[in-house]
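Hi everyone, thanks for coming. Today I'd like to walk you through how a protein and its ligand sit together. Let's bring up the picture.

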Amino acid sequence: MNVVIAAATGADLPIVLNLLQRCKLPQAGLEKHLATTLVAREGIRIVGSAALELYGRAALLRSVAVEPSSRGLGLGEQLTNAALDLARSRGVRAIYLLTDSASVFFLRFGFHRVLRTDVDPAVQGSVEFTDACPQSALAMRADLA
Ligand SMILES: CC(C)(COP(=O)(O)OP(=O)(O)OC[C@H]1O[C@@H](n2cnc3c(N)ncnc32)[C@H](O)[C@@H]1OP(=O)(O)O)[C@@H](O)C(=O)NCCC(=O)NCCS
């Protein structure tokens, strides 16, 4: 499989939103963060995504998704590492996420569980925290060097 991780374009947005819908992940607000959205391209196909919402020195990692038929090949790990590199390059020191089912997956990137009340206030104000993710979703944080 020849997959390239690259910045998303405006034309990619509906395809990524469709992927998120099929993966049962929130779509709300992604359009505002297209400049910091990454996609995994296999030829002309988009097979994965990962996005950052930047809030100064803090950020929210969201929309980490891989096409079901392309899972288990390392793409989720590549997308997450690329998003963390992007966050570091933007001066982010603390990165957060919410997840229902993939908390174990994110442990390998240095994320650990935190209370929602301990999340950076700007990130707590994001649509994922206020509206889009269920209250049952776990909050996690990683500190970036
Ligand atoms: C989570 C997800 C992105 C992983 O994508 P993937 O391409 O299959 O992951 P990778 O192939 O890079 O897996 C890397 C490792 O993580 C493990 N892993 C994958 N998904 C996992 C999960 N949900 N929980 C725990 N471990 C997981 C793999 O077994 C693999 O382990 P190994 O290196 O020991 O073999 C994908 O399952 C997905 O799109 N899930 C639905 C959306 C979602 O829940 N996203 C996270 C919230 S934003």
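**Around the ligand**

Let's start with one contact: a nitrogen atom of the ligand is 2.7 Å from a polar backbone atom of Val-64. Please keep in mind that this is a predicted model. Two further contacts involve oxygen atoms of the ligand. A polar backbone atom of Gly-74 is 2.8 Å from an oxygen atom of the ligand, and a backbone N or O atom of Glu-77 also lies 2.8 Å from an oxygen atom of the ligand. How much of the ligand does the protein bury? Taken alone, the ligand exposes 910 Å², and the protein buries 70% of that.

Now let's step back to the whole shell. The ligand is surrounded by 18 residues, and the closest are Val-64, Val-66, Gly-74, Gly-76 and Glu-77. By class, 10 residues of this shell are nonpolar, five are polar and three are charged. Which elements supply at least two residues each? Those are β4 (58-66), α2 (75-89) and α3 (103-107).

Next, the pocket. The ligand takes up the space of the largest pocket, which has a volume of about 670 Å³. This pocket is lined by 30 residues, and Leu-25, Val-64, Ala-65, Ser-101 and Ala-102 are the closest to its centre. Strand β4 gives the largest share of the lining, six residues. Other elements that each supply at least two lining residues include β5 (94-99) and α5 (127-132). Sorted by class, the lining has 18 nonpolar, six polar and six charged residues.

That's my tour, thanks for listening!

Methods:
Residues are numbered from 1 along each chain as its sequence is written. This is a predicted model: local features need pLDDT of at least 70, side-chain atom pairs count only at pLDDT 80 or more; totals for chains, interfaces and linings use all residues. Side-chain values use heavy atoms; hydrogens and water are left out. A residue is near a molecule or strand if one of its heavy atoms lies within 4 Å of it. A polar contact is a pair of N or O atoms within 3.5 Å; within protein, one must be able to donate a hydrogen and the other to accept it, and residues adjacent in sequence count only if both atoms are side-chain atoms. Accessible areas come from the Shrake-Rupley method with a 1.4 Å probe; for residues, only the protein chains shown count as cover. On a 1 Å grid over the protein atoms alone, a cavity is a set of points where a 1.4 Å probe fits but cannot get out, and a pocket is an open set with protein on both sides within 12 Å along at least five of seven lines; lining residues have an atom within 4 Å of a point. A molecule sits in a cavity or pocket if more than half of its atoms lie within 2 Å of its grid points. Helices (H or I, at least four residues) and strands (E, at least two) are DSSP runs, numbered from the N terminus. Ala, Val, Leu, Ile, Met, Phe, Trp, Tyr, Cys and Pro count as nonpolar, Asp, Glu, Lys and Arg as charged, and the others, Gly among them, as polar. Grid points are joined across faces, edges and corners, and a volume is the space filled by probe spheres set on the points.
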